[in-house]
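I opened this entry to look at one helix and a few unusual backbone angles. My notes follow.

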Amino acid sequence: MISHRQGNAQRIAALDERAEALHLKRGMGIADARAMHPSIDILEADPEADRRLLEGLADWCDRYTPLVALDSTDGLYLDVTGCTHLFGGERAMLDEILSRFFHQGFDVRAGLAATPGAAWAAARFSGDRIVVSGEEEALLAPLPLAALRIEPDIRTSLESVGLRTAGAVMAAPRAPLARRFGASLLLRLDQALGRLDEAVSPRLPVAPLSVERHLSEPITLTEDIEQLVRMLATTLKADLERRGEGARLLALLLFRVDGAVSRIAVGTSRPMREPMLIQRLFHERLAALEQDIDAGYGFDLVRLSVLSAAAFDMQQTDLTGETSDDGADIALFADRIRARLGEGAVLKPIAVESHLPERAVATVPFTEAPRRIAPPKKPDRIKHPTPMTVFRPQRPIRLFRSPEPIEVPATEMPEGPPLNFRWRRALYRVTRAEGPERIAPEWWREAPRDEATSTRDYFRIEDADGRRYWLYRQGLYGAALPAPRWFMHGVFA
């Protein structure tokens with residue numbers, strides 16, 4: 001038996017057939033059960049483990065339909081609309097599901113009906129029954145009130161007035177039922193009978209495109225899986241071409257014969273539909289996960305799905321047969337690296353609108369970086385600067401992640417560059433200097449501060465050995481504030 005704490009008492013949460021034969025029931029107190037049968041074995045419930053097991057069974061049921069939803073803590077909903085003919089019909093599909101669960105060691109009951117409510121009732125109270133559309137009322141009539149999926153307090157109230165079956169509720173006038181027991185009772189009844197639609201939300205998004213291959217002989221080798229990926233990608237290519245799209249996110253599902261499912265996903269920085277390139281990405285991903293994928297007795301079903309797609313831009317080839325897209329090879333290289341090492345393995349710097357140098361550039365994952373569609377235009381040559389020409393001051397090759405403090409003993413004048421400075425315990429003598437370049441933070445982003453302490457004056461400095469630095473003074477001299485501080489922010493080539 002399995003026990004759980006309900007209120008201040010430990011009660012039976014689940015029990016097997018042998019425990020039921022001893023006249024023990026769910027909800028009975030553990031103390032009463034031990035008093036009746038001192039030798040019974042009781043285990044503490046583990047809701048998290050039960051949840052993981054149910055999600056694993058839901059993954060396995062994806063082989064029958066992608067529309068799988070969790071039903072509380074002990075059930076699954078499978079929307080098999082349009083899928084039954086792939087397995088020989090409704091009865092053949094239901095028998096196969098029950099048989100496979102039995103061989104995996106599970107004792108399950110199933111029901112198939114046109115409405116979720118009728119299927120729920122058939123699975124729990126009729127056992128392995130297929131309810132033909134229109135026979136929902138005949139199914140529910142003799143069943144107890146629990147078959148309507150109503151709250152326990154409503155069920156108790158109905159039983160207190162003599163309504164103990166679903167048929168008795170259906171025969172009673174609707175208006176008095178709604179006034180006394182609430183609208184939820186009639187809602188559940190109408191949903192079970194098909195008078196109102198009931199939405200069942202799948203636990204995973206449904207892929208717009210999927211192809212799969214059922215295998216008569218299970219496979220275990222990575223090379224065989226990669227060959228199947230290429231075959232399935234070839235089938236997907238025709239569908240993607242018809243839609244004018246390319247895959248941005250692909251998922252490979254490997255269904256093991258004993259019920260375990262492995263999900264492997266790869267992303268692309270650009271829309272892709274070439275089977276060979278898709279195989280390369282999964283080759284890298286499988287190589288990275290080789291130790292984590294347990295083939296067991298083999299995989300008997302392999303599915304390749306497109307989880308996300310985007311418009312595919314056709315590239316014009318030149319006379320040599322090559323495309324003019326110079327970034328395709330870099331994108332493929334980045335995709336292969338990310339497939340093997342993870343999404344954060346390849347980052348790309350992008351410009352950010354900010355006055356502060358440390359915030360002017362940000363690194364984002366390669367797939368999130370904006371793609372440049374057209375090549376940049378060559379700037380027009382200006383022989384003589386005009387009054388309207390704006391020159392951007394030179395920036396250092398290496399910019400430190402965080403400015404490092406330096407010691408400046410003296411300057412030529414309060415607002416001028418330093419004569420020498422000490423940085424990382426070494427003294428540097430300044431021979432040339434250029435500046436200042438005043439940079440202030442964005443007033444609309446920063447918290448209100450005094451302008452004298454937030455303003456930076458940058459200088460380009462060259463020491464006696466020809467090394468060049470980019471340092472700044474934060475604060476102004478002569479103000480009734482703390483003395484200005486100096487920082488090293490970068491170095492030039």
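Helices and strands here are DSSP runs, numbered from the N terminus. I kept in mind that the model is predicted.

**Helix H5.** I started with H5, which spans residues 116–126. How many of its eleven residues are buried? I found eight, and the helix is mostly covered. Pro116, Gly117, Ala118 and Ala119 are buried. So are Trp120, Ala121, Ala122 and Ala123.

Next I looked up what covers these buried residues. The cover includes strands S4 (68–71), S5 (75–78), S6 (111–112) and S7 (129–130). It also includes helices H6 (136–140) and H10 (183–193). I then checked what follows H5 and found Gly127. Its phi is positive, near 80 degrees.

**Backbone angles.** I turned to residues other than glycine. Most of these have a negative phi, and most peptide bonds are trans.

I noted Ser72, whose phi is positive, near 55 degrees. Ser72 sits in the loop between S4 and S5. Both of those strands help cover the buried residues of H5.

I noted Arg149 as well, with a positive phi near 60 degrees. Its loop runs between H6 and helix H7 (152–160). Is Arg149 buried or exposed? Its relative accessibility is 14%. The cut-off for buried is under 20%, so Arg149 counts as buried.

**A cis bond.** Last, I looked up the peptide bond from Gly435 to Pro436. That bond is cis, with omega near 10 degrees. I placed Pro436 in strand S16, which covers residues 426–439.

Conventions: Residues are numbered from 1 along each chain as its sequence is written. This is a predicted model: local features need pLDDT of at least 70, side-chain atom pairs count only at pLDDT 80 or more; totals for chains, interfaces and linings use all residues. Side-chain values use heavy atoms; hydrogens and water are left out. Buried means under 20% relative accessible area, exposed over 50%, partly exposed in between (1.4 Å probe, protein chains only). Helices (H or I, at least four residues) and strands (E, at least two) are DSSP runs, numbered from the N terminus. Contact means heavy atoms within 4.5 Å.
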